[in-house]
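Here's a quick tour of this fold, taken piece by piece. Have the model open alongside the text.

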Amino acid sequence: MNSPRLSWLTFLRVYFRSFLFQASWNFENLQNLGFFYLVLPGLRSIYGEELSTHVQQRQVTYFNTHPYFAPLIAGTILRMEERLHAGEDVAVDPDAYKKMVMAPFAAMGDALFWGGVRPLAALIGLLLASQGSLWAPVVFLILFNLPHLFFRGAGLVLGYVQELRAIETIQKCRLPDLAIRLKESTTILIGVLCAYLSFKGCEHQDISGVWGFVLLPVVLLFAWLSHKGVTSLFLVLLTTSSLLLLALLF
């Protein structure tokens, strides 16, 4: 087994290229050009500046996954290409590996980042904004961006170091369960936001905060909608638009 030889500079180039991963889409192969652009510094480090047609064709086949999981797959692919260049056998062909993991990773990424982290970060930002804090948008950007910036880099290194064992590591992290916990936390915070805003609204109108309990059926309705599968992001948008409408009417 040959030792890993890609430099940290190459890893940094792959990492920063992951931010342009979705710059090119096409109807036939979706993200294949973005993925080729992503792994190109690593391929040139392995094979030299002139890549063979066979290597290029292997990396421009159909590809579609979550953008934050793409570096993880790229790290594994680059380690496989190193082995192939060294004349070693690989358990799974690089193209077959991409086809095997891109759909499950896409589902995990959608549930965790789009359905879990982003709504929760947005709601915490709304809670701060409701108290008049100008730091609300900054907090939202930090809470949303730090997890995926870390995940991009850690995924790239994890895929390169562990290769196929990276799949087991991701499974052990139980990311789908984490996504569910984040959604539940978001739902609870939505209830807190409704209670706080109703109390402040009653206080502003010089009426007892007890009247805020009339919103309890609305909170229960939101909980029911969440249980039925309505996304947290939709509930956040519905809450915000409803409160703005009430503010305009009264």
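Let's start near the tail: helix H9 is followed by glycine 229, whose phi is positive, near 105°. Helices here are DSSP runs of H or I with at least four residues, while strands are runs of E with at least two, and both are numbered from the N terminus. H9 itself covers residues 216-227, so 12 residues, and its first and last C-alpha atoms are 17 Å apart, close to the 16 Å expected at 1.5 Å a residue. That expected span is 1.5 Å times one less than the number of residues.

A word on ground rules: this is a predicted model, in which local features need pLDDT of at least 70, side-chain atom pairs count only at pLDDT 80 or more, and totals for chains, interfaces and linings use all residues. Residues are numbered from 1 along each chain as its sequence is written, and side-chain values use heavy atoms, with hydrogens and water left out.

**Cores**

Which residues have the most contacts inside the largest nonpolar core? They are Phe35, Phe69, Ile73, Phe105 and Ile170, in a core of 44 residues. A nonpolar core means buried Ala, Val, Leu, Ile, Met, Phe, Trp, Tyr and Cys residues joined through side-chain atoms within 4.5 Å. Buried is under 20% relative accessible area, exposed is over 50%, and partly exposed is in between (1.4 Å probe, protein chains only). Helices H1, H2 (32-47), H4, H5 (94-130), H6, H7 and H8 (175-204) each give two or more residues to this core, and H5 gives the most, with 10. Take isoleucine 73: leaving aside neighbours within four places in sequence, its contacts (heavy atoms within 4.5 Å) are Phe35, Phe63, Thr65, Tyr97, Lys98, Val101, Met102 and Phe105. Apart from this core lies another, of nine residues, including Leu123, Cys194, Phe222 and Leu225.

Over in H8 sits leucine 182, which counts as buried because its relative accessibility is 16%. Leucine 182 touches Leu112, Gly116, Val117 and Leu120, not counting residues up to four places away in sequence. Its C-alpha is 8.4 Å from that of glycine 115, although the two are 67 residues apart along the chain.

**Salt bridges**

The structure holds eight salt bridges, each a side-chain nitrogen of Lys or Arg within 4 Å of a carboxyl oxygen of Asp or Glu. Here are three of them.

| Acid | Base | N to O distance |
|---|---|---|
| Glutamate 81 | Arginine 58 | 2.6 Å |
| Glutamate 163 | Arginine 79 | 3.9 Å |
| Aspartate 177 | Arginine 174 | 2.7 Å |

Glutamate 81 lies in H4 (residues 70-85) and arginine 58 in H3 (residues 53-59), so the pair ties together parts 23 residues apart in sequence. Both glutamate 81 and arginine 58 are buried. Glutamate 163 is in the loop between H6 (136-162) and H7 (165-172) and arginine 79 is in H4, so this pair ties together parts 84 residues apart in sequence. Glutamate 163 is buried at 14% relative accessible area, and arginine 79 is buried at 3%. As for the remaining pair in the table, aspartate 177 is partly exposed at 27%, while arginine 174 is exposed at 52%. Salt bridges that share partners also join Arg79, Glu82, Arg83, Glu88 and Glu163 into one network.

**A nonpolar patch outside**

Finally, the surface: Leu9, Leu12, Phe16, Phe19, Leu20 and Tyr37 form a nonpolar patch with about 600 Å² of accessible area together. H1 (residues 8-17) gives the most to this patch, with three residues. Phenylalanine 16 is found in H1 and is exposed, with a relative accessible area of 52%. Patches take residues with over 30% relative accessible area and no salt bridge, joining like charges within 9 Å and nonpolar side chains (Val, Leu, Ile, Met, Phe, Trp, Tyr) within 5 Å. The areas come from the Shrake-Rupley method with a 1.4 Å probe, and for residues only the protein chains shown count as cover.
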